[in-house]
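I am opening a notebook on this structure. The entries below record what I looked up, one topic at a time.

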Amino acid sequence: VAVHPDDERYQGLVGRHALLPGVNRVIPIIADDAVEREFGTGAVKVTPGHDPTDYAIGQRHGLPSINIMNKDATLNAEAGPYAGLDRYAAREKLVADLDKAGLLVRVQPHTLNIGRCQRCHTIIEPLISTQWFVRMKPLAEPAVQAVRDGRIRIIPDHFERVYFHWMDNVRDWPISRQLWWGHRIPVWYGPDDTPFAAFNDEEAHALAAQHYGNAVELRRDEDVLDTWFSSGLWPFSTLGWPEQTDDLRRFYPTSVLETGYDILFFWVARMIFLGLEMTGEIPFDTVYLHGLIRDELGRKYSKSLGNALDPMEVIEQVGTDALRFTLMTSSTPGNDTKLSPKALDASRNFMNKLWNIARFVLANTTADGGEQTAAPLAAVGGLPSAVALPDRWILARLDSLTASVNRLFETYQFGEAGRQIRDFLWDEFADWYVEMSKIRLNGQDAEARATAQAVLGTVLEQTLRLLHPFAPFITETLWQRVTADGRPQTAETSSSRSGPPSTVRRLPSIMLASWPTATAGWRDAEAEADMDLVRELIRAIRNARAEYSVEPGRRIAAIVNAAGRQALFQAQAPIIEFLARVDSSKLDIVTSLDTPPSQAVSLVIGDGVQAYLPLAGLLDLDKERERLRKDLAEATAEVQRASALLNKTGFADKAPASVVQGARDKLQAAQERQAKLQARLTEL
C-alpha cells in the first residue's frame, strides 16, 4: 500500500505491514511521490504486475511483480480463493467478500480512461510478460552525434530539439510482438529453454550441438519483430545487405528521407541508429518532415474518426494531379494543413487552365498536319531578330521563376515553389503573354509570328518541366505533344557520357529531360520594368471600364501623358488597344499635358505617367446623370429616415444598445453612399 510521503495521516504507518484481505498476503506500506493524497483515501493498493505506474513504483521500492492473471483473463493460483474466476466475476466476489467481512467503507463511482484493442475493442489488461529488448543507450549515442555534428540534417530544424530530447532520454526497446505476421525472432530454444540466437536454422542447431555436446531438437521463438524494427532496416536491407551488392554500394547512403513528423521516433530515429550499427554509415543526410493532414475542424485524419477524405473518390472528382498539387502547395515543412474541398476545386481549375493553355499553344504552333511551324528558342540558339518587348519580358520572368524555384527546392520550400509556378502560368503567361501574342499570331508579319510561336512553345515546355514534380500526369501528356516533331530534346545518344552528343533523339518521358536552370541571356530588368508599366496602364483602364460599367465590346478613347516614356507606349500601342479595348484612332500618347482634360477619369499609373479617359467616350452622359440623380434621391431619403429615427424622442435612451448602434451604422452607410453619388454627379 502506497501513501504520499507528506501525508500526515499515514506517516506513522510507513515501514509497517498490512494484511491483504481475501488472500491474507502480508504487504508493506510505503511512501512514494506518485500517490495523489487528495484522491480517495490517499492510500492506494500497488500492483506492479498489472499497471505501468505501479510497476515503476515497484522498481523504486523493490516490490515483487506478482502476476495473478492467465492470458484468457481468468485468475491463476496467486489469486487464492478467486483462482479460476473471470476477472469481472472475481472483482464482484471480492467486493462482496469485503462487505461481508465488514471491511468495506463505501463504493464510490469513478470515471477513468481504459485502454482498448484497436481492432476488437476488448479492454486491455496490463500483464507482465517475457519479451526481447534492445539496449538503447549504445545505439542512441552515435545516432544523436550524427545529427549534432551535421552529418544528418532535420528540416524544419526545430525538430532536432525534439529528436535530441527523445534520444537522450530513450528507454530500452521491446522488439518482440505476439502477432501472426512479420519477421520472426531469430532465436531457437533447447530442451531446457536455453536460447540460441542465430542467422538461420542450421546455425542454431550448430550452436546447440556445441552447447549440449550432441544434436538436440530445437523450437523457434513464435514472436515476430516489432514492425518499426523491420522498417528501420529498410534503407540497406532492400539493397541486398548484408552482402556488398552493387545496389548497396551505389544507393547507400541515400540522400533525402521525406516523411511525417509524427513518426520521427517510430521510424526515422530507428533507421538512423540501425543504419549506423549495421553498416557503419548514416542512412541519409537529410530528413524532410512534412505536416499532417487535418479536416476543416482541425482534427487529424483518422480511420477511427472516419473524418478522412477517400483519395480514390477525390481523384475521381478532381483528378490525381489536382490532389497531388493541393497536398504539395497547401503546407510548409513540419506544419499541418487543412485539406478543404475549395482548395481541391482550385487545383482542378488550374489543371483545366493548363490544359487550355497548351491547346492554344499547340493550335498556334502546328500546321494542320501536326508538324511544328516554328522552332523553339532552344533549337534556334537564342533570341531571334524579331523579338519584341513582350517576348523579352516573359522570358525574363521565366528565367526569374526558374531561379526562384531552384532556390526554393534547395531550401525544401516545395509549397511556395508550386504556388509560384501556378501564378506564373496563370497570371503572367496565360493572362498576359498569351493574350498579347494573339496580335502577332493573327498578323501578317511572318517573322514576328514565328518569334511569338517560338516563345510560346519555349515557355510552355520549360514550365511543364518545372511543374512536373507537382503534376506528373498532365505534364507528361502535354510535354509529349509539345516536344513532338522538331521540338528540342535534351538527351544524347552518344556512347560516351563525357563526349558531345552525336545525335539528338526523342525522349520517351519528361522525367528524362534536363531540369531547368536559369539562363543569364534571358535576364532583362529593363524589359520587366517597361512591361510592368504597360500592364499597369492596361489594368487601370480595365478597372475604370468596370467601375463605369462600360460594355465589353465598346472601344473607348484614352489620353496617355507618357512623361518621357512616349516611345515605349507608342511601340506598345497595339497591345494597349487590344487588351484595354481602346479605339486606335482615339489613343493619344503625349509627352506632357499643360492642362488635364475636363470631364475625364484621371488615372495615376506610376513613374510620372498619367492617363485620362474622356467620360463622353465611356458612357451616355445624359443617361448616366439621370441614373445618378435617381440613386442620389434614394440615398438622400435613406439618410432622412435614419436621421429621423435617431432623433426620435427617447429612442437612444430606451432602445437596446445594439439596435441604436445598428441605426447609427445604417445612417453612416447611407451618408457615405450619398456623398459618393453626389461627387460622381458633380464630376459629370
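**Entry 1: Asn307 and its surroundings**

I began with Asn307, which sits in the loop between β16 (293–294) and α10. The model I am reading is a predicted one. Is Asn307 buried or exposed? Its relative accessible area is 12%, so Asn307 is buried, the cut-off being under 20%.

I then looked up what the side chain of Asn307 does. It makes a polar contact of 2.9 Å with the side chain of Asp295. The side chain of Asn307 also reaches a backbone atom, the nitrogen of Ser302, at 2.9 Å. Leaving aside residues up to four places away in sequence, I listed Asp295, Arg299, Lys300, Tyr301 and Ser302 as residues that Asn307 touches.

**Entry 2: the two ends of α10**

I moved along the chain to helix α10, which covers residues 311–318. At its start, a side-chain oxygen of Asp310 comes to within 2.9 Å of the backbone nitrogen of Met312. Just after α10 I found Gly319 with a positive phi of about 100°.

**Entry 3: Thr332**

I placed Thr332 in the loop between α11 (320–329) and β17 (337–338). With a relative accessible area of 32%, Thr332 is partly exposed. The side chain of Thr332 is joined to that of Asn335 by a polar contact of 2.7 Å. I also checked Thr332 against Leu512: they are 180 residues apart in sequence, and their C-alpha atoms are 28 Å apart in space.

**Entry 4: salt bridges**

How many salt bridges does the count come to? I noted 31. I looked at some of them in turn.

Arg151 and Asp149 meet through their side chains in a salt bridge, with 2.9 Å from N to O. Arg151 is partly exposed at a relative accessible area of 39%, and Asp149 is also partly exposed, at 40%.

Arg348 and Asp345 form a salt bridge with 3.8 Å from N to O. Both belong to helix α12 (residues 341–365), and because they are 3 residues apart, about one helical turn separates them. I read 30% relative accessibility for Arg348, which counts as partly exposed. Asp345 counts as partly exposed at 32%.

Arg523 and Asp399 form a salt bridge whose closest N and O atoms are 3.5 Å apart. Which parts does this pair tie together? Arg523 lies in the loop between α17 (472–482) and α18 (525–547), while Asp399 lies in helix α14 (residues 389–410), so the pair ties together parts that are 124 residues apart in sequence. The partners fall in opposite classes: Arg523 is exposed, with a relative accessible area of 57%, whereas Asp399 is buried at 4%.

I also noted a network: Arg87, Arg91 and Glu125 are joined by salt bridges that share partners.

**Entry 5: a nonpolar patch**

Which residues make the nonpolar surface patch of about 450 Å²? I wrote down Leu179, Trp180 and Trp181. Leu179 is in the loop between β9 (176–177) and β10 (187–189). Its relative accessible area is 34%, which makes Leu179 partly exposed.

**Entry 6: cis peptide bonds**

I looked up two peptide bonds that lead into prolines. The bond from Trp241 to Pro242 is cis, with omega near 15°. Pro242 is in the loop between α7 (234–237) and α8 (246–251). Tyr252 and Pro253 are likewise joined by a cis peptide bond, with omega about 0°. I found Pro253 in the loop between α8 and β14 (256–260).

**Entry 7: positive phi outside glycine**

Where does Ala73 lie? It is in the loop between α1 (52–61) and α2 (87–100). I read its phi as near 70°, a positive value in a residue other than glycine. Ala73 counts as buried, at 12% relative accessibility.

Tyr412 is another residue other than glycine with a positive phi, here near 65°. I placed Tyr412 in the loop between α14 and α15 (414–441). At 12% relative accessibility, Tyr412 counts as buried.

Methods
Residues numbered from 1 in each chain as written. Predicted model: local features only at pLDDT ≥ 70, side-chain atom pairs only at ≥ 80, totals over all residues. Heavy atoms only, no water. Polar contact = N/O pair within 3.5 Å; in protein donor to acceptor, adjacent residues only side chain to side chain. Helix = DSSP H or I, 4+ residues; strand = E, 2+ residues; numbered from the N terminus. Buried < 20%, exposed > 50% of the residue type's maximum accessible area, 1.4 Å probe, protein only. Contact = heavy atoms within 4.5 Å. Salt bridge = Lys/Arg side-chain N within 4 Å of Asp/Glu carboxyl O. Patch = residues over 30% accessible without salt bridge, like charges linked within 9 Å, V, L, I, M, F, W, Y side chains within 5 Å. Areas by Shrake-Rupley, 256 points an atom, 1.4 Å probe, with all protein chains shown as cover.
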